[in-house]
Amino acid sequence: MSRAKIIVIATMLAVLGALLPISATLYLSWQRASDIESARLLTIAQRGIERARISLGDAERALQAAHQLTSPPCSTAHIRQMRLIEMNTRSIEDIGYFSDGLLKCTPAGLILREVRQTPIEFTTDNGLAISTNIIPEVNGGKGMIGISAQAYKVLIDPARFADIILNPEVQLVTATRNGKLLGSLHDPDPELVQQLLAGKRIPYASKVLHDKDLIAVVIEPDSGIAAQTGREMIVLLPLGLLMAAFMVGLVVWVSRKRLSPLGELKLGVDKHEFIVHYQPLIELKTGLCVGAEALVRWQRPDGSMTRPDLFIPLAEESGLILPITDQVVTEVIRDMRHVLQADRTLHIAINISAQDIKTGRVLNVVQAALKGTDIQPQQIWLEATERGFMDIEAARTTINTAREMGHAVAIDDFGTGYSSLSYLQGLPLDTLKIDKSFIDTVDTESATSSVTPYIIEMAKALKLQIVAEGVETQAQADYLLAHDVDFGQGWLFSKALTAHEFIAYYQANRAQHQDPH
């Protein structure tokens with residue numbers, strides 16, 4: 001065999017030996033990327049179903065509450081009670097009472113013109129009647145979802161049925177079992193959606209999830225899988241076959257986990273990317289800064305900030321809110337140790353999750369953080385939203401323990417959740433914080449403006465300190481002061497500040513109030 005022939009055969013074998021593992025690696029990389037995408041799309045579909053069920057659950061609770069009303073239909077008391085149901089149910093936009101197929105009244109008052117009940121397009125397994133694309137006259141022609149039971153119907157913004165965090169290239173649709181659209185995200189192509197619902201294949205990565213009476217459809221361009229596969233292959237050539245096979249799986253896993261919102265959040269927790277800003281708390285009678293609310297911020301490696309409303313729900317859903325709270329506690333003690341030691345009247349309020357209220361876990365975290373710092377427990381307030389008090393017995397135990405340790409406990413964002421007077425009476429709270437949405441209605445003609453004084457009087461009757469959130473105008477501050485509200489926070493006084501900025505603000509505020517001139 002000639003030298004040239006040996007070279008040719010050796011070259012062919014070398015090429016074949018290189019092409020076979022590379023081809024196998026390419027296939028495995030593509031398969032892995034497809035599986036990851038499929039699992040990710042399934043997770044998104046499940047989250048879409050869960051979000052739609054939350055909205056349906058809110059509607060069902062509102063309708064049940066309406067059916068329990070005892071005032072004569074469309075009387076002043078009845079209309080006021082419907083208004084309270086509307087305000088206390090986050091997902092619904094409106095509620096109406098029907099008789100003989102005609103709308104008689106809503107929280108806005110009596111309906112004097114003829115408004116007929118819309119046809120029912122789907123009925124859920126638990127008896128909720130759904131009508132889609134209802135166009136109320138008062139909202140500028142935006143379609144709404146109507147959900148009715150017996151004599152009442154609630155309206156829900158379709159956005160509520162698909163309100164989850166998604167990358168912009170991923171599209172989501174939630175619908176009823178018979179294909180009636182409830183909500184969508186990122187403008188999915190209706191034609192593609194209908195093809196998927198009909199069981200047809202489309203030239204995109206997709207997932208259709210049927211769950212009892214609901215359907216979720218998720219669509220993503222196939223180019224995402226192709227691009228990911230190509231990126232994985234780039235690392236194979238210089239590393240050799242064995243190392244390349246290892247790196248494919250590793251890079252696919254790491255990259256996909258890193259690109260998902262939950263993966264980024266986990267990485268942010270691991271890297272301690274969460275910082276604390278401080279919203280000054282002002283005593284309205286004196287203008288004195290008496291403390292601050294610690295607000296968590298997610299500062300990404302590039303310096304950009306992710307808004308809390310984009311990551312807090314995911315953190316609560318995944319359980320990552322617990323280590324985030326722990327980091328906030330550590331940051332607060334480190335940031336404010338010296339100023340809290342110097343002024344025993346100053347306090348910092350830390351928000352804790354519903355899970356922490358239920359278990360009391362955070363109390364040990366705070367106690368450990370305070371050990372050896374000479375910061376008094378009464379200088380650390382604990383705040384939780386109304387959802388945290390749903391398990392009233394567990395909440396009472398945690399609050400009692402917190403107060404025995406010396407901490408004050410506040411209910412945050414009051415009026416936006418599920419609390420009732422009986423809840424408040426049954427919990428040994430110290431402070432009630434009125435949500436900004438109610439403060440915004442002060443000195444306006446808003447339908448909810450009449451609720452604010454009721455909340456204030458209720459808090460006084462329960463002997464709770466009152467904090468008004470989101471105070472932005474002097475007129476609001478004057479109103480709150482005239483109604484003997486104790487404290488205020490908001491842009492009228494200061495935006496949320498870094499630790500250094502807050503300490504400077506606090507010192508300037510104290511110097512101003514100590515200056516006799």
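Which residues does Glu 293 touch, not counting residues up to four places away in sequence? This tour of a predicted model comes to that residue after a view of the whole chain and several other stops.

**The whole chain**

Begin with the entire chain displayed as a cartoon. The chain has 517 residues, and 46% of them are buried. Its secondary structure comprises 16 helices and 20 strands. Switch to a surface representation: the exposed area is about 25700 Å², of which carbon and sulfur atoms supply 57%. Of the contacts between residues at least 6 apart in sequence, 61% join residues at least 24 apart.

**Stop 1: the disulfide**

Select Cys 74 and Cys 105. These two residues form a disulfide, with 2.1 Å between their sulfur atoms, and the structure holds one such bond. Cys 74 sits in the loop between α1 (3–67) and α2 (76–88), while Cys 105 belongs to strand β2 (residues 102–106), so the bond ties together parts that are 31 residues apart in sequence. Look along the S-S bond next. The torsion there is about -85°, and the disulfide is therefore left-handed. Both Cys 74 and Cys 105 are buried.

**Stop 2: a salt bridge between two loops**

Select Asp 125 and Arg 177. The two form a salt bridge in which the closest N and O atoms are 3.3 Å apart. Asp 125 lies in the loop between β4 (122–123) and β5 (129–134), and Arg 177 lies in the loop between β8 (171–176) and β9 (181–185); the pair thus links distant parts of the chain, 52 residues apart. Asp 125 counts as exposed, at 55% relative accessibility. Arg 177, with a relative accessible area of 42%, is partly exposed.

**Stop 3: helix α6 and the residue after it**

Select residues 261–270, which make up helix α6. Colour Gly 263, Leu 265, Gly 268 and Val 269 separately, as these are the buried residues of the helix. Then select His 272, just after α6, where the backbone takes a positive phi of about 55°.

**Stop 4: strand β13 and Arg 297**

Select residues 288–299, which form strand β13, and show the side chain of Arg 297 within that strand. Is Arg 297 buried or exposed? Arg 297 is buried, yet it has no salt bridge. A salt bridge requires a side-chain nitrogen of Lys or Arg within 4 Å of a carboxyl oxygen of Asp or Glu. For Arg 297, the nearest side chain of opposite charge is that of Glu 293, 8.4 Å away. Display the surroundings of Arg 297: leaving aside residues up to four places away in sequence, it touches Glu 273, Phe 274, Ile 275, His 277, Met 305, Pro 308 and Ala 496. While at this part of the chain, select Cys 289 as well; this residue is buried, with a relative accessible area of 0%.

**Stop 5: Glu 293 and its neighbours**

Keep strand β13 in view and select Glu 293, which is also found there. Glu 293 is buried, with a relative accessible area of 5%. Its contacts, not counting residues up to four places away in sequence, are His 277, Tyr 278, Gln 279, Ala 349, Asn 351, Glu 383, Asp 412, Lys 433, Glu 469 and Gln 489. This list answers the opening question.

Two of the surrounding side chains merit distance labels. The side chain of Glu 293 makes a polar contact of 2.9 Å with the side chain of Lys 433. It makes another, of 2.7 Å, with the side chain of Gln 489. For a backbone reference, label the C-alpha atoms of Glu 293 and Val 276: they are separated by 9.6 Å, and the residues are 17 apart along the chain.

**Stop 6: further salt bridges**

The whole structure contains 24 salt bridges. Select Asp 356 and Arg 361, a pair whose closest N and O atoms are 2.9 Å apart. Asp 356 is buried, at 0% relative accessible area, whereas Arg 361 is partly exposed, at 25%.

Move to Asp 440 and Lys 436, which form a salt bridge with the closest N and O atoms 2.9 Å apart. Asp 440 is partly exposed at 33% relative accessibility, and Lys 436 is partly exposed at 32%. Finally, select Glu 293, Glu 383, Lys 433 and Glu 469 together: salt bridges that share partners join these residues into one network.

Notes
Residues numbered from 1 in each chain as written. Predicted model: local features only at pLDDT ≥ 70, side-chain atom pairs only at ≥ 80, totals over all residues. Heavy atoms only, no water. Disulfide = S-S within 2.5 Å. Helix = DSSP H or I, 4+ residues; strand = E, 2+ residues; numbered from the N terminus. Buried < 20%, exposed > 50% of the residue type's maximum accessible area, 1.4 Å probe, protein only. Lys, Arg positive; Asp, Glu negative; His and termini not counted. Contact = heavy atoms within 4.5 Å. Polar contact = N/O pair within 3.5 Å; in protein donor to acceptor, adjacent residues only side chain to side chain. Areas by Shrake-Rupley, 256 points an atom, 1.4 Å probe, with all protein chains shown as cover.
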